[in-house]
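Q: Could you take me on a close look at one part of this model, the enclosed empty spaces, and then at what surrounds them? I would enjoy one connected walk through it.

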Amino acid sequence: MEFIFYFGDVFTPVNFALLLVGTIGGLILGATPGLSPTMAVALLIPFTFQLEATQGLILLGAAYTSTVAGGAVSAILLKIPGAPANIATTLDGHAMAQKGQGAKALQLSFLSSAVGGVFGVLLLIFLTPVLAQWALAFGPSHLFWLAILGVTVIGTLDSASVVKGLLSGCIGLWLATIGFDDIMGAQRFIFHPSLGGGINIIAALIGLFAIPQVITMFAKGRLREDAEVIKVEKHPIGGAVRELMRSKRAMGIGTLTGSIIGLIPGVGGQIAGLVAYDQSKKFSPEREKFGTGHPEGLIAAESANNAMVGPSLVPLLTLSIPGSPTAAVLLGGLLIHGIFPGSDLFDNHPDVAWTFINSMLIGQVLMCIFGLYVAGLAARIATVPQSVMAAIVLGLAVFGSYSVQSSMGDVYVMASLGVMMYFLERFGFSAAPLVLGLILGPIAESNFIQGSMIATATDGLAPYFLGGALNLFLIAVVIASILYSIYMELRARRYTSKEEIMA
Amino acid sequence: MSDLNLPRVQHIIGSGLVAAVGVWVTYVSYTQQPSEAFLFPRLIATVFVILALWTFFKACMGWTKVGNGITVTQFRNLAPGLIVALVYIFWMAKGLGFYTATAIAFFILLSLYDPAPHTALKSWLKRIIITAGFIAVMYGLFALLLKVFTPREILF
């Protein structure tokens with residue numbers, strides 16, 4: 001119950017102002033198609049340099065929470081999901097808006113997001129300290145396998161191809177070794193002076209998440225997107241609350257599914273929303289109404305994608321393994337403020353950890369309140385042309401990556417990685433495992449080196465890294481995640497082939 | 001070249017480049033000294049090169065199922081923007097100063113990709129106003145609020 005002592009810190013003028021800015025800004029950014037929550041949070045990191053660690057994390061956490069919820073605005077009013085997490089929301093949300101129930105759909109969306117989100121953050125509050133204490137028992141070999149687990153789980157679950165996902169993770173791990181090594185001080189893979197200090201993680205995050213989006217917008221050319229914003233009529237909030245009370249089953253399924261999926265590293269809000277929608281449909285006596293503007297579909301999808309946010313931070317704050325790509329960016333934000341996740345965070349920086357987590361809880365309520373008022377404005381911003389969006393994101397990416405260390409080298413690294421990632425994405429590689437490799441690479445390497453030193457003085461490398469119950473368990477999870485993903489990939493292909501034959 | 005063959009050739013080129021990087025990383029990891037510094041890279045490089053060569057082999061055999069490659073239309077669309085962006089980042093930003101270079105690049109990109117007609121005076125005026133507004137916001141955010149001193153060569 002330690003978190004209660006730090007509730008007051010959220011309400012200091014600066015912290016609360018940042019929470020408001022993050023929430024309102026996140027709602028608007030989330031509603032803008034082409035700006036994913038991950039990219040929005042990555043672009044915001046440079047703005048936290050001037051802030052204290054707690055303040056920076058409050059801003060990033062609020063943006064994370066509300067970008068996911070804000071994505072529902074364009075999903076409902078424009079049929080364009082603001083983020084992949086809102087794909088399932090378009091199915092019933094837009095149909096409701098077309099039937100003249102836009103306001104009701106928005107109200108249900110923000111209310112169910114808040115309920116799911118609060119449950120998710122409560123899970124974060126109660127699970128994190130327990131797991132953080134458990135993580136104290138981890139030695140270098142376990143931490144090495146945990147880092148590898150983080151990369152493989154994201155690599156296999158986040159990618160359409162297991163091999164390409166793992167290969168992306170390897171590229172990230174290799175990129176993390178660029179620069180001088182910590183023990184011998186030797187140069188590794190430095191073929192340009194800009195790389196002397198290694199790859200700056202923030203510049204890399206901005207490049208890998210923002211630049212491919214910019215190029216994707218360029219690839220559309222001078223496309224006129226005549227997305228018509230559906231006019232939002234007035235609707236009493238009481239009616240939406242009553243509707244929500246009637247839809248307990250969809251709410252429960254969405255919240256539970258989202259929370260469980262959030263805890264699994266690598267499975268993001270997109271999967272949470274779609275699985276919750278599917279499960280809610282299966283358990284509903286009115287399943288034929290799904291897809292025609294049925295409130296239950298919207299409630300399940302939105303409660304799930306916000307319930308996922310809190311739990312996705314559990315493995316991050318305890319074991320340094322981000323639960324989602326956006327959580328990986330948040331890890332970058334923690335590291336630049338000199339804060340390392342795990343028991344260190346709760347033992348040495350409880351004020352930072354608990355104020356941040358509490359701010360996410362209050363942020364869910366604020367997101368709901370402002371969401372209901374900002375929705376109309378956010379939907380208008382969603383119609384900003386792609387040309388303007390691409391140019392703005394490019395400018396922000398250049399200024400943001402330069403401001404990390406006032407170095408042009410970081411800007412060059414950002415641009416090079418971004419362009420490379422765009423082309424890699426076109427060939428089935430994904431950014432998330434690459435980023436995870438880059439972030440977890442130094443953790444894996446330092447623990448591998450420490451472990452090798454211990455192993456040399458004891459039984460040898462193989463018994464040290466491959467022996468012991470915890471090592472074997474972690475290795476088993478790594479192998480199981482790879483095998484499961486291979487099975488799923490083969491099954492998906494079999495279905496596709498069958499469909500092709502039927503067609 | 002037919003549309004059917006285009007992605008396959010692209011996959012071969014793409015995965016070939018990744019495999020070439022993998023081979024280079026492996027070669028450097030196993031040959032550079034001091035060997036202790038390359039212990040971890042060696043571990044990664046071994047997995048990297050195996051996966052990269054397998055991906056390349058699959059691409060050559062036409063077994064690659066994931067990734068759509070780039071169509072000629074997409075490439076034609078993105079090429080001017082990419083060139084402007086790269087010239088802006090690698091030459092103009094430092095040479096002309098961040099704000100001047102950003103203003104120029106922003107305006108060119110807007111003009112290239114804005115669906116509004118190029119013949120109407122009103123749309124040009126709109127682009128100039130948007131560019132000026134964006135630069136003012138960037139100056140306010142970075143120079144005044146965050147106190148980031150960016151390179152300033154011409155004008156500011």
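A: The lining of the second largest cavity divides into 11 nonpolar residues, with no polar and no charged ones. This is a predicted model, and in it about 50 Å³ of space lies in that second largest cavity. From chain A the lining takes Ile211(A), Val214(A), Ile215(A), Phe218(A), Leu394(A), Ala415(A) and Val419(A), while chain B gives Leu82(B), Ala85(B), Leu86(B) and Ile89(B). Three helices each supply at least two residues to this wall: H8 (201-219) and H19 (408-426) of chain A, and H3 (72-96) of chain B.

Now set that beside the largest cavity, which has a volume of about 70 Å³. Its lining also draws on both chains, with Ser161(A), Val163(A), Lys164(A) and Arg493(A) on one side of the list and Thr55(B), Lys58(B), Thr64(B), Lys65(B) and Val66(B) on the other. The elements giving two or more residues here are helix H7 (162-177) of chain A and helix H2 (39-61) of chain B. In character, this lining divides into two nonpolar, three polar and four charged residues. Counting every cavity of 30 Å³ or more, the structure holds three.

Helix H8 of chain A is a good thread to follow from here. The largest nonpolar core has 167 residues, and Leu205(A) and Leu313(A) are the members that touch the most others. H8(A) provides the largest share of this core, 15 residues. Beyond its neighbours within four places in sequence, Leu205(A) is in contact with Ala42(A), Ile45(A), Ala210(A), Val329(A), Gly332(A), Val435(A) and Ile439(A). Another core lies apart from this one; it has 26 residues, including Ala105(A), Leu108(A), Leu244(A) and Val374(A).

One contact of Leu205(A), Ala42(A), leads to helix H3 of chain A. Eight of the eight residues of this helix (residues 37-44) are buried, so H3(A) is largely enclosed by the rest of the structure. The buried residues are Pro37(A), Thr38(A), Met39(A), Ala40(A), Val41(A), Ala42(A), Leu43(A) and Leu44(A). They pack against several helices of chain A: H2 (13-31), H4 (53-77), H8, H15 (325-336) and H18 (386-405).

A polar side chain is worth a stop too. Gln364(A) is found in helix H17 (residues 350-381) of chain A, and it is buried, with a relative accessible area of 0%. Setting aside neighbours within four places in sequence, Gln364(A) is in contact with Thr65(A), Ser113(A), Ala114(A), Gly117(A), Val118(A), Val121(A) and Asn306(A).

Two loops beside the helices we have met deserve a glance at their backbones. Phe189(A) sits in the loop between strand E2 (187-188) and H8 of chain A. Phe189(A) has a positive phi of about 55° although it is not a glycine, and at 5% relative accessibility it counts as buried. Ser406(A) belongs to the loop between H18 and H19 of chain A. Ser406(A), also not a glycine, has a positive phi of about 50°, but it is partly exposed, with a relative accessible area of 45%.

Finally, let us turn to chain B, which shares in both linings. An unreviewed UniProt entry lists residues 16-151 of chain B as "domain: DUF1468". That span is 77% helix and 0% strand, and its end C-alpha atoms lie 38 Å apart. The annotation "transmembrane region", again from an unreviewed UniProt entry, covers residues 12-30, 42-63, 75-91, 97-116 and 128-149 of chain B. Over residues 12-30 of chain B the chain is 100% helix and 0% strand, with 26 Å between the end C-alpha atoms. For residues 128-149 of chain B, the end C-alpha atoms are 25 Å apart and the span is 82% helix and 0% strand.

Two local details complete the picture of this chain. Pro34(B) has its place in the loop between helix H1 (5-31) and H2 of chain B, and the peptide bond from Gln33(B) to Pro34(B) is cis, with omega near -5°. Lys126(B) lies in helix H5 (residues 121-145) of chain B and counts as exposed, at 55% relative accessibility. Lys126(B) and Ala116(B) are 10 residues apart in sequence, and their C-alpha atoms are 9.8 Å apart in space.

Terms used: Residues numbered from 1 in each chain as written. Chains lettered and ligands numbered in written order. Predicted model: local features only at pLDDT ≥ 70, side-chain atom pairs only at ≥ 80, totals over all residues. Heavy atoms only, no water. 1 Å grid on protein atoms, 1.4 Å probe; cavity = no way out; pocket = protein on both sides within 12 Å on 5 of 7 lines; lining within 4 Å. Points joined across faces, edges and corners; volume = space filled by probe spheres on them. Helix = DSSP H or I, 4+ residues; strand = E, 2+ residues; numbered from the N terminus. Nonpolar A, V, L, I, M, F, W, Y, C, P; charged D, E, K, R; others polar. UniProt positions renumbered as here; feature names shortened; annotations may be inferred. Core = buried A, V, L, I, M, F, W, Y, C linked by side-chain atoms within 4.5 Å. Buried < 20%, exposed > 50% of the residue type's maximum accessible area, 1.4 Å probe, protein only. Contact = heavy atoms within 4.5 Å.
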